[in-house]
Amino acid sequence: VKGAGGVNASDFTISGQLGAIANALNPSKPYPVELHLETADLAVDISGTVDDFVEGEGLNLHIAADVAELSNLLKLFDVECPELGRTKFKADITGNAGAPRAADIYATISDGSTVELSATGTVNDLVSRKGLDIGIKASIANNPIIQMVLPDILSDVTNLEIKGSLRDQKEDYILEDITAYVSNDQGLELTTDGSLNFGNLESDFPLKAMDLNLQVKSKTTEAAQRFLVDFLPEMGPISATARLTGPVDRMALEDLDVVAGESLPLQMTSQGRIDWIPIDDNSVSGIDLNVSVKAEQTQLLASAFDIPLPEIGTVSIDSRLLYSDEQLKIDNIDVRTSHDQGLVTGLTGNMDMNFKEDQKTPGNVNLELTVTAPNLGAAEPLLGTRFVPGMGPVQGYARITGTPNVLSLENILVTAGEPTSTFTKAYGRVDRIALGEEQPVSGLNIFGLLKAEETADYALLM
C-alpha cells in the first residue's frame with residue numbers, strides 16, 4: 001500500500017501491507033493489516049488482524065502514534081494552544097467496528113520540562129464511550145496551558161498537579177478520586193480531592209456537578225483575597241478548609257473553616273456555610289458564618305480596618321453573620337475589651353442591613369453597651385480626658401437603637417464613686433446620631449447628679 005494526500009494544506013503519506021483482496025472477501029482466516037501514516041509532525045502505525053474485514057468484526061489491532069509537537073497537529077483542526085511537547089499513544093483495539101474496545105491505553109504528553117501528562121486505562125466501547133476507565137496524571141509548571149484549563153479566579157497559577165480516574169456512570173462522565181495541587185508565585189497553595197461530573201459531554205457548559213474538599217494556604221491575606229471578602233485587610237497567613245458541592249447552577253460551600261493571622265496579635269476565625277455560589281453575575285446567598293476576631297491591642301484592630309478607636313486593651317469579637325436576598329443580619333454580637341488598668345467594656349445584641357434598592361428601611365440596630373472600671377483614672381482611655389482619677393468604681397450602660405445610618409442612645413446611665421461618699425451620676429438619652437454628617441448629634445438630653453459627704457470633696461470635682 002502506498003498513497004499520499006493532504007489535510008488543511010498539510011501533506012501526508014501512507015504505506016504498508018494488506019492481505020489479498022480475495023482473503024478480505026473470504027473471512028476464513030484473519031485478514032492481516034500493517035499500515036504507516038506520516039505527516040510532518042505525526043507518525044501512526046496500525047498492525048494486527050481482522051477476522052472479518054468486510055463486516056469489521058474480530059478486530060485484533062495495535063495502534064501506536066508519535067506526535068513531535070501536539071500543538072502543531074491541533075492546528076490542522078483549527079485548534080490553537082501553546083506548545084505542549086511530544087505526544088505518544090498506543091492501545092490495543094479488539095471487538096468489532098460497531099463497538100470497538102480499546103485496552104492497554106497508554107498516552108503521554110511531555111516537553112521535558114514544563115508539561116508532563118499521562119493517561120492509561122480502557123474503553124469498552126469507543127463508539128458509545130461506555131465502559132470508560134482512564135487514569136489521568138498531569139504536572140504543569142509555568143506553561144500558558146494552565147490558564148486555559150483553570151477558571152479565571154486561578155489565572156495567576158504557575159504550578160498544577162492533578163491525578164484522577166475518568167469513568168462513565170449511567171449517562172454521565174465523572175472524574176473521581178481526584179487529588180490536585182496548584183500554587184502561584186505569591187505563596188498561594190490550593191489542594192483538593194473529590195470528584196467532577198462532566199455530564200454527557202455534549203452540553204455547552206463543561207461541568208454538571210462537583211464534590212470537592214478544598215484546602216487553601218497563603219503566606220499573606222492579599223494572596224488569598226480572591227476567596228475572601230473584599231474588605232478583609234492584611235492579617236498575615238491564611239488557612240482555610242471547605243467542601244464545594246452540588247450542581248454547578250447551585251453550588252454550595254459547606255464545612256467552611258477559615259483562620260487568618262493564626263498565633264499573631266490580630267487574628268480572625270470563621271466557620272459555617274454558603275448555600276449558593278452562582279456562576280453568573282448573581283451574588284452569593286444563604287451565608288451563615290460564625291465569626292470571631294481577637295486583637296491583643298485595640299489599635300491593631302483599628303489600624304487594620306481603618307476604624308478610629310482609642311486604645312482600650314485587648315479585644316474579642318464574636319458574632320453570627322447571615323446573608324440572603326440582599327439582607328445582612330449580624331446576630332449574637334458579643335464584643336469585649338479589657339485594659340490592664342481594669343477598664344472593661346462589652347457590646348452585645350444584633351443588627352441587620354437591607355441592601356435592596358427599593359428598601360423601606362436600611363436596617364435595624366439593637367445593642368447594649370456596658371462599661372466598668374475601678375476608677376475614673378482607669379476609664380481615661382475611653383473618656384479621652386483625665387478627671388478625678390481616684391474616684392470609683394465606674395459603671396456605665398446604654399442601649400443603642402435605630403438604623404445603621406442613624407443611631408439613638410437610650411437609657412444612658414453612668415455612675416462613679418460610692419453612694420455613701422463622693423458620688424456622681426449621669427443619665428438620659430441622645431435622640432439622633434447621624435453617622436457621616438457634619439453635625440451628627442442632636443436631641444441631647446443628659447442629666448447629672450453630684451453628691452459629696454463634705455464640701456471639700458466638691459472641690460476635687462471642680
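Leaving aside its neighbours within four places in sequence, which residues is methionine 268 in contact with? In this predicted model, methionine 268 touches Leu232, Met235, Val258, Val259, Ala260, Val291, Ser292 and Val293, once neighbours within four places in sequence are set aside. Met268 also belongs to the largest nonpolar core, a set of 67 residues in which Met210 and Met268 have the most contacts. A second core, separate from that one, has 16 residues, and Ala91, Ile93, Ala102 and Tyr173 are among them.

It is helpful to place these cores within the overall chain. The protein chain contains six helices and 25 strands. Its C-alpha trace spans about 130 × 40 × 35 Å along the principal axes. The radius of gyration of the protein chain is 36 Å, whereas a compact globule of 462 residues would have a value near 23 Å. Of the 462 residues, 37% count as buried. The protein chain exposes about 26000 Å², and carbon and sulfur atoms supply 54% of that area. As for contacts between residues at least 6 apart in sequence, 40% join residues at least 24 apart.

Helix H4 offers a good local example of burial. This helix covers residues 298-305, and its buried residues are Thr298, Leu301 and Ala302. These residues lie on the same side of H4, because they cover an arc of only 100° around the axis. The general geometry fits this picture: an α-helix has 3.6 residues a turn, so residues three or four places apart point the same way. The cover over the buried residues of H4 includes strand S16 (266-277), strand S17 (285-295) and strand S18 (314-324). Just after H4, aspartate 306 adopts a positive phi of about 55°.

A positive phi also appears further along the chain, in the turn of a hairpin. Strand S24 (residues 423-434) and strand S25 (residues 441-451) run antiparallel and are joined by 10 bridges. Within this pairing, threonine 424 of S24 stands opposite leucine 450 in S25. Six residues lie between the two strands of the hairpin, and glycine 436 in the turn has a positive phi of about 90°.

Note on methods: Residues numbered from 1 in each chain as written. Predicted model: local features only at pLDDT ≥ 70, side-chain atom pairs only at ≥ 80, totals over all residues. Heavy atoms only, no water. Pairing = 2+ DSSP bridges. Helix = DSSP H or I, 4+ residues; strand = E, 2+ residues; numbered from the N terminus. Core = buried A, V, L, I, M, F, W, Y, C linked by side-chain atoms within 4.5 Å. Buried < 20%, exposed > 50% of the residue type's maximum accessible area, 1.4 Å probe, protein only. Contact = heavy atoms within 4.5 Å. Rg over C-alpha atoms; globule rule 2.2 N^0.38 Å. Areas by Shrake-Rupley, 256 points an atom, 1.4 Å probe, with all protein chains shown as cover. Arc of directions from axis to C-beta.
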